[in-house]
Amino acid sequence: MNVRESEAVEALLLAAGHERVAGEEDAELVIVNSCTVRQKAEEKALGKAGNLLAAGKITGVMGCAVKRLGADIFRRLGSLHFAVGPRRFSEIPSIVEKIISVPASVRPRRIADFGDNEVPSGLGAHPVRKPTGTFADVQSFVTVMIGCDNRCSYCIVPDVRGHEWCRPAEEIIAEVKCLASRGVKEVCLLGQSVLSYKDGSFAFPDLLREVQKIDGISRIRFTSAHPSGCTDALIAAYRDCDKVCRHLHLPVQSGSDRVLAQMGRRYTAEEYLSAVAKMRALDPEFSVTTDVIVGYPGESEEDFEMTRALMEKALFDNAFIFKYSPRPGTKSAQLPDDVPTGEKERRNQILLADQERRGVERNSRLVGTVRSVLVEGPSKRNAQRWSGRDSGNRIVAFEPPAGISVGDMLEVRITEAHAQVLIGEVV
Ligand code: 5AD
Ligand code: SF4
């Protein structure tokens with residue numbers, strides 16, 4: 001969501017006549033888009049903004065940490081020029097104008113627009129990048145809803161991003177059509193809990209079916225999903241829509257029913273596994289990835305072992321592991337944060353090692369298969385190679401054939417498997 005909203009702000013600033021520079025050193029203005037989902041993320045954002053102010057940049061902070069801190073952000077960063085909450089980013093160009101339209105010596109500071117539950121504007125703004133650049137936009141995020149009403153016990157998102165609000169379906173469809181006309185091939189529909197999307201009786205699976213019809217779009221992804229949304233209607237949409245990628249990021253958070261109930265997740269480990277089984281019944285190579293929290297208050301060794309066992313049964317293709325971080329104002333922040341840091345770290349390392357092994361095993365089965373890869377550009381790790389992703393969102397690296405361009409769809413035979421990347425040859 002933050003990547004998408006940073007892009008929208010970029011588009012709004014470009015439209016107001018500003019220019020994007022190559023790097024931070026050359027910039028007069030830098031805006032830090034903050035996250036507060038864990039304490040560390042928030043500290044990182046504020047630390048960054050402090051350094052920018054010390055370097056003499058006009059500095060603003062946007063995003064979730066602004067909403068959590070409110071006016072306190074100016075106690076932490078006294079000389080900050082502006083702070084804008086997650087639903088108010090469209091105000092940034094006019095705030096910037098206020099700041100730069102006066103001489104540096106009298107520039108206003110501490111301009112605040114924290115916002116509340118209002119309907120945001122600017123959600124559909126996309127920067128137009130040069131089509132000749134190596135990373136021209138072949139992929140684009142499209143926001144379909146904002147906020148979240150799930151209220152998982154540990155999560156600050158509903159407090160900072162507010163109540164769920166869904167964009168009208170026509171607006172989303174029009175945006176995807178416009179992106180397709182600009183050469184975008186893959187869209188990722190975004191929301192905190194996209195499967196809850198609704199516009200009257202038009203629900204998320206209906207949206208998938210409509211986007212499927214748009215010429216020029218060859219892949220549809222979406223994130224993030226709550227397991228309660230894995231309905232038969234969703235499975236049917238997967239079955240009928242060949243553009244919908246065979247990948248689902250489905251955060252499980254824990255494998256212990258006791259912890260899941262405490263977290264307010266509204267499913268059991270068994271229900272979760274049956275959702276995974278439905279996806280894999282559609283296609284055995286269907287990629288399922290997840291988020292897990294270790295060290296939730298009261299998480300015993302037994303609870304933790306249940307998480308390990310669930311991860312083994314689910315055969316996740318990838319997993320993001322987070323150490324529990326109490327967030328002020330959430331339900332679980334009232335419970336003692338009683339799993340020691342060292343123990344959280346130990347559990348984290350165990351799950352990472354399990355996943356590393358499982359990732360290699362899962363990916364090894366793909367050696368010899370041919371994957372359709374949407375080319376993203378030169379590989380970041382190996383200058384000789386280019387990379388892209390298969391339908392399952394797996395990174396595939398290969399030696400580029402002559403005349404290759406970003407956005408090509410290539411067939412690649414897999415020759416080598418690692419936990420996070422597949423290596424192959426273009427066929
Ligand atoms: N502590 C640790 N991880 C958290 N997440 C959300 N809130 C917290 C928290 N308080 C994780 C969840 C979620 C991901 C985006 O961040 O796993 O799926
Ligand atoms: Fe947070 Fe996701 Fe739960 Fe919403 S569904 S409260 S964003 S963890």
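**View 1. In what order do three strands form an open sheet?** Before the answer, here is a short reading guide. This is a predicted model, in which local features need pLDDT of at least 70 and side-chain atom pairs count only at pLDDT 80 or more, while totals for chains, interfaces and linings use all residues. Residues are numbered from 1 along each chain as its sequence is written, chains are lettered from A and ligands numbered from 1 in the order in which they are written, and side-chain values use heavy atoms, without hydrogens or water.

The order is 5-8-11, with parallel pairing. At the edges stand strand 5 (139-143) and strand 11 (219-223), each with a single partner strand, so one side of each has no neighbour in the sheet. From one strand to the next, the twist averages 25 degrees. Strands (E, at least two residues) and helices (H or I, at least four) are DSSP runs, numbered from the N terminus, and two strands pair if DSSP finds at least two bridges between them.

**View 2. Strand 5 meets strand 8, and a helix joins the scene.** Strand 5 and strand 8 (residues 186-190) run parallel, joined by five bridges. To find your place, look for T143, which stands opposite L190 in strand 8. Helix 8 (residues 204-212) packs on this sheet and touches strand 8 and strand 11; its direction makes about 155 degrees with that of strand 11. Here contact means heavy atoms within 4.5 Å, and angles run from 0 to 180 degrees between N-to-C directions, with axes fitted to C-alpha atoms (for helices, over the stretch in contact).

**View 3. A second open sheet has four strands.** Its order is 1-2-3-4, and the pairing is parallel. Strand 1 (29-34) and strand 4 (111-113) are at the edges; each has a single partner strand, so one side of each is left without a neighbour in the sheet. The twist here averages 15 degrees from one strand to the next. Strands of a sheet pair through backbone hydrogen bonds, either parallel or antiparallel.

**View 4. Two helices pack on the four-stranded sheet.** Strand 2 (residues 58-63) pairs with strand 3 (residues 82-84) in the parallel sense over three bridges, and V61 stands opposite A83 in strand 3. Helix 1 packs on the sheet by touching strand 1 and strand 2, and its direction makes about 155 degrees with that of strand 1. Helix 5 (residues 92-100) touches strand 1, strand 2, strand 3 and strand 4, and its direction makes about 170 degrees with that of strand 3.

**View 5. Helix 1 spans residues 2-15.** How far apart are the end C-alpha atoms of helix 1? They are 20 Å apart, which agrees with the 20 Å that its 14 residues should span at 1.5 Å a residue. The expected span is 1.5 Å times one less than the number of residues. Buried residues of the helix include N2, V9 and L13, where buried means under 20% relative accessible area, exposed over 50% and partly exposed in between (1.4 Å probe, protein chains only). A8 lies in this helix too, and A8 is buried, at 1% relative accessible area. Leaving out residues up to four places away in sequence, A8 touches F89, G122 and A125. Just after the helix, G17 takes a positive phi of about 100 degrees.

**View 6. Strand 19 has partners on strand 17 and strand 18.** Strand 17 (residues 395-398) runs parallel to strand 19 (residues 421-426), with four bridges joining them. Strand 18 (residues 409-417) pairs with strand 19 in the antiparallel sense over five bridges, and the two form a hairpin with three residues between them. Find G424 in strand 19: F398 stands opposite G424, and G424 is also the bridge partner of I414.

**View 7. Ten residues gather around ligand 2: C148, N150, R151, C152, Y154, C155, V157, P158, Q192 and R265.** Each has a heavy atom within 4 Å of the ligand. By class, the shell has six nonpolar, two polar and two charged residues (Ala, Val, Leu, Ile, Met, Phe, Trp, Tyr, Cys and Pro count as nonpolar, Asp, Glu, Lys and Arg as charged, and the others, Gly among them, as polar). R151 lies in the loop between strand 6 (145-146) and helix 6 (157-161). R151 is partly exposed, with a relative accessible area of 49%, and its phi is near 55 degrees, a positive value in a residue other than glycine.

**View 8. The peptide bond from T223 to S224 is cis.** Its omega is near 0 degrees. S224 sits in the loop between strand 11 and helix 9 (232-240).
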